[in-house]
Amino acid sequence: MRILVTGGSGYIGSHTVLALLEAGHDVVVIDNLANSNQESLRRVGEIAGRSAEFLQVDLLDETALDNAFSSQNVDAVIHFAGLKAVGESVEKPLYYYHNNVGGTLNLLRCMERHDVRTLVFSSSATVYGASEEVPLVEKLPLDAVNPYGRTKEQIEDILSDVGAADERWNIALLRYFNPVGAHESGRIGEDPTGTPNNLLPFVAQVAVGRREKVMVFGNDYPTPDGTGIRDYIHVVDLAAGHLAALDYVHSHSGVHRWNLGTGKGSSVLEVLAAFSAAAGHEVPYEFGPRRPGDAAVSYADPSAALADLGWSAHKTLQQMCDDHWRWQKENPLGYSS
């Protein structure tokens, strides 16, 4: 198939573009490069032995987006593009709603005009909010607790309504947990702009000397070592999940929801120990107070993805840290190294 990937030069997008190319698909990436680097796609082309086509387009520019559809004749869309910093979303909610929800509405209108109705959407476990129920299953009520999460929840609602109104739509909503790691080549990986919002890229920047120490928020949770437990998934496993979902919805109409996670959690201290082992030296850290709204334990029930897609995550926490460290060590300043 010929697949249009929005946000395809970003962290998860670039790994998925690589997986698509390696699976024999043709790929067109559209990205505004606001939080990504086109160098990722150049390296993807090196690894795959063939390249994705790239168009610098902002989803908020519906005319440019429509032109992209007119020129490309695509069969399906994988939609990653969006802002994703929780803290920034709290400070700038209108910016997030306009970009994430507005951009998706433009995309859906263009898809409908060009008779493209197969979509895999990059959702997030943040739609479950601070649910204390574990493991998290797809049938749980959604209750996002910040504007970023609510944009994902609202887009899921929009897509559910679109699918209910027109049975020609084939839609996958992928709720994934905490993507980490990098391609084993060390050539592509996570390159956050500014201060990382997630644990692993922050740990990696401390390990490589860019930051002084990791702040661990809370060590008095009701967990074995007192620190919060989360479900970390290797980005390569996650990319494979997108291909499995694409294959499924290509022949199944309606709206389908799947968690993509490992089904087990790792504590902050376990992550720090695994990353220290990968780096060959201790990663310094300090305990701080809990952050409001953080659940003690959160991990997926991925059994629906296994049953429907035949997909499951395979890589261990140590493999995640080894691959993430290889990328960070070889690219200490990310793609600008």
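**Strand pairing, salt bridges and internal spaces in a predicted model**

Strand β9 (residues 229-230) pairs with β12 in the antiparallel sense, over two bridges. Strands here are DSSP runs (E, at least two residues), as are helices (H or I, at least four), and both are numbered from the N terminus. Two strands count as paired if DSSP finds at least two bridges between them. The model is predicted, so local features need pLDDT of at least 70 and side-chain atom pairs count only at pLDDT 80 or more, while totals for chains, interfaces and linings use all residues. Residues are numbered from 1 along each chain as its sequence is written, and side-chain values use heavy atoms, with hydrogens and water left out.

Within the β9-β12 pair, Ile229 stands opposite Ser267 of β12. The two strands belong to an open sheet of three, ordered β12-β9-β14, with mixed pairing. Strands β12 (266-267) and β14 (297-298) stand at the edges, and each has a single partner strand, so one side of each lacks a neighbour in the sheet.

A second pairing involves strand β6 (residues 170-176) and β11. These strands run parallel and are joined by seven bridges. Leu174 has Trp258 in β11 as its bridge partner. Strand β11 (residues 254-260) is largely enclosed by the rest of the structure, because five of its seven residues are buried. Buried means under 20% relative accessible area, exposed means over 50%, and partly exposed lies in between (1.4 Å probe, protein chains only).

The overall fold was described next. The secondary structure of the protein comes to 11 helices and 14 strands. Buried residues account for 54% of the 337 residues. The C-alpha atoms fill a box of roughly 55 × 45 × 40 Å along the principal axes. The radius of gyration is 19 Å, which agrees with the value near 20 Å for a compact globule of 337 residues. This radius is taken over C-alpha atoms, and the globule rule is 2.2 Å times the number of residues to the power 0.38.

Toward the end of the numbering, Leu333 lies in the segment after α11 (317-330). Leu333 is partly exposed, at 47% relative accessible area. Its C-alpha atom is separated by 8.0 Å from that of Asp191, although the two residues are 142 residues apart along the chain.

Charged contacts were then examined. Side chains of opposite charge can pair when their charged atoms come close. A salt bridge is a side-chain nitrogen of Lys or Arg within 4 Å of a carboxyl oxygen of Asp or Glu. A search of the whole structure finds 18 salt bridges. One of them joins Arg50 to Asp26, with the closest N and O atoms 3.2 Å apart. Arg50 lies in the loop between α2 (39-48) and β3 (53-56), and Asp26 lies in strand β2 (residues 26-31), so the pair ties together parts that are 24 residues apart in sequence. Both partners are partly exposed: Arg50 has a relative accessible area of 30%, and Asp26 is at 38%.

Glu39 and Arg42 also meet in a salt bridge, at 2.7 Å from N to O. Both lie in helix α2, three residues apart, about one turn of the helix. Arg42 is partly exposed, at 43% relative accessibility.

Arg117 and Asp115 form another salt bridge, with the closest N and O atoms 2.3 Å apart. Arg117 is buried, at 9% relative accessible area, whereas Asp115 is exposed, at 56%. Elsewhere, salt bridges with shared partners join Glu39, Arg42, Arg43, Glu46 and Arg187 into one network.

Internal spaces were searched on a 1 Å grid over the protein atoms alone. A cavity is a set of points where a 1.4 Å probe fits but cannot get out; a pocket is an open set with protein on both sides within 12 Å along at least five of seven lines. Lining residues have an atom within 4 Å of a point. Grid points are joined across faces, edges and corners, and a volume is the space filled by probe spheres set on the points.

The structure holds one cavity of 30 Å³ or more. The largest cavity has a volume of about 30 Å³. Its lining consists of Ala81, Gly82, Asn100, Phe121, Thr151, Lys152 and Ile155. Helix α6 (residues 147-165) gives the most to this lining, with three residues. By class, the lining divides into three nonpolar, three polar and one charged. Ala, Val, Leu, Ile, Met, Phe, Trp, Tyr, Cys and Pro count as nonpolar, Asp, Glu, Lys and Arg as charged, and the others, Gly among them, as polar.

The second largest pocket has a volume of about 160 Å³. Residues lining this pocket include Tyr232, Thr262, Lys264, Ser266, His314 and Met320. Its lining has four nonpolar, five polar and two charged residues.
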